[in-house]
Amino acid sequence: MSEMPSTQPAWIHDLTTIAAIALPEAWADEFGTTVNGMWARPDGWTPAAVEAAHAKGRRILVSVPLIALTHQVYEDPNRRHLLDEVCRDVNGDPAEVEWYYWDAKPVWSLCIHSPVLRAYLVDTLREAIAAGVDVVNVDEINTSVGLMTNRPKGSGFCRLCLGGSAVIAAEARRRGVEPADNEARTWLREDHELYDAFAEEQQERAFCAAADLLDELRGIAREHGRMTAITANVAGLGAFVGHHGALWSAMWGELLDVIMLEAIYVVSRSQFEDPHAHKLLPRGKFAPLYRLGRAIGPRAPIWIAPQINVPRQLAGQKRQRYYELMFLEAYANLGRWGYNWWPGVDDAARREATAPEAIKGWTNFLRSHPDLYTGLRTENAVAVVYANSAVLAEPQTHYRYLGVAQALYEAGVQYDVIYTGDDRFAPAPLDAPALAAYRTLVVPGIDHLSPSQQAAIRAFEAGGGSVIGMDASCALGDLVDRFWTSYADDDREAVLRGLALDDATRVDVSAARVVATRYVTHDHRIAIHLLNYDYREVGDLVEPARGFKVRLPWAGRSSPSAALVSPAGIRELNTRAVDGQLEVKVPELRDHAVLVLTE
């Protein structure tokens, strides 16, 4: 089992702007890019090159794929031996990674248990770590076992997977034989219970193997005296557990210095049949994922890029304003958005489609007002508990979390997320002092918590806290499911009535599509991030919100001063305190601004 990261570079909490695929250097300078490439190549870095990048205020990330063997690698005469490390499907044929739609030649699935593969990955990264790169991304951390299936081309049945299996060894003893690999595969095809036991075992084996690889990379960084952050692409952060299994859950985040992921906004498991499943704004918010990711492990800002199929789905459509709004959503939720992401096309097409010119103005604005985007804290009375144990037991729990988190977010309810593990891949503590900071806990999947998690929730209630639990058959859970599927305003209001949270938890905005998130700055001002989600697919535009009111609970002795801070400048606003509420009228919001209140 991997050690928890004990330290992380301080810069991870700084404001960073991140290109998903590396921009040409001149364009990176133009956009003010801080991390140029979430999937940048690891080769060629020298200490001098890293130092030159640091002098420009840039951080260096390098990436290697943990699963995929592409033709650019296996056609290299010095690397053809990696073809022998291709994993196998349940029929014994080579396993493929099929989502590399831009690659005209087969992309093979590699086995996490291969010492040859591991040596190749480590050696590929060693020189970059020694040179001082800032971040190493082990891409596709879910490993080839995360794609295990008994259908053709699925991974998880090669000689290393089978040979290291205690499940297969026990079955062989029961049968009194020493099976060849093909015979073991026949057992797995014919015996569904044996297959399920094998799959569960392989998930845990693969997790431990990948975690051990992360430890080795950290050891190399220590040898060279480097503060190299370790990240990985934890695609979906729980969304695909029902389809791909436990290795697609959120537990990887506990092993990383910063969480990185591709995200696609889906409402059901039908996304695998529907290539156009990604939902655009105002439906397709990633705010619940930013908050979940920030609650895991080191609690650093997480980096999200669109899932690889999203740019292709939107190809030929004018969506620059959409991508700009997704960028703003990230920073309003203390996250980071990976722009410039469309594999398989040229630089100009990628920039035109997914890196809006407006981002350049926003990066300048962010750098001009770092106190409004970093070092912020919340003072919320409500927390949503995300238990990985519940998601592993019932994958729909992940979508219930997303549904309730989005309903709260859209209603202006100010909430935090508390993450707890599963006691299978990682410990599952629920810290009593952390819980005690809240008055109300909302707990999706409360019937699937571990014994220690259940005890912590009972103790919270015994101390006077309120718990709103959702089990498999409760009416509130059904309402959340319906809201998540239908996205009707009436369903959202029904969810909120079922939660019965008081008005003191809300920052109310009279404009229907504007969401307010309240933070406290390091110098004790209140910073309310306003984000206008009134995106129109037709025309690719955001309809400005005009003449709306922001109301929030106010215990101050007098009305504070108020200023609306945006790229247009700083605009002083009037405030009015009445009956424990503060009211501020905002004349116009184009897309994003910060309402700053100072007593």
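Me: Which residues does L217 touch, not counting residues up to four places away in sequence?
Reply: Happy to help, and please keep in mind that this is a predicted model. Contact here means heavy atoms within 4.5 Å. With residues up to four places away in sequence left aside, the partners of L217 are V122, L125, I129, V136, V138 and I230.

Me: In the largest nonpolar core, which residues touch the most other members?
Reply: That core holds 161 residues. Its largest share, 14 residues, is supplied by helix α8 (residues 192-223). The residues touching the most other members are L217 and W337.

Me: How many residues are in the other core that lies apart from it?
Reply: This other core includes V507, V509, L589 and A593. It lies apart from the largest one, and its residue count is 23.

Me: Let's move to helix α19. Why are its buried residues on the same side?
Reply: The buried residues of α19 are L476, G477, V480, F483 and W484. They are on the same side of the helix because the arc they cover around the axis is only 120°.

Me: And which residues are exposed on the other side of α19?
Reply: Exposed means over 50% relative accessible area. On that other side of α19, the exposed residues are A475 and T485.

Me: What do the buried residues of α19 pack against?
Reply: Helix α19 covers residues 475-486. Its buried residues, among them F483 and W484, pack against α16 (396-410), β14 (466-470) and α20 (489-499).

Me: Which residue follows α19, and what is the sign of its phi?
Reply: Helix α19 has 12 residues and reaches 16 Å from its first C-alpha to its last. Next comes Y487, with a phi near 55°, so to name the sign: positive.

Definitions and conventions: Residues are numbered from 1 along each chain as its sequence is written. This is a predicted model: local features need pLDDT of at least 70, side-chain atom pairs count only at pLDDT 80 or more; totals for chains, interfaces and linings use all residues. Side-chain values use heavy atoms; hydrogens and water are left out. Helices (H or I, at least four residues) and strands (E, at least two) are DSSP runs, numbered from the N terminus. The expected span of a helix is 1.5 Å times one less than its number of residues. Buried means under 20% relative accessible area, exposed over 50%, partly exposed in between (1.4 Å probe, protein chains only). The arc is that of the directions from the helix axis to the C-beta atoms. A nonpolar core is a set of buried Ala, Val, Leu, Ile, Met, Phe, Trp, Tyr and Cys residues joined through side-chain atoms within 4.5 Å.
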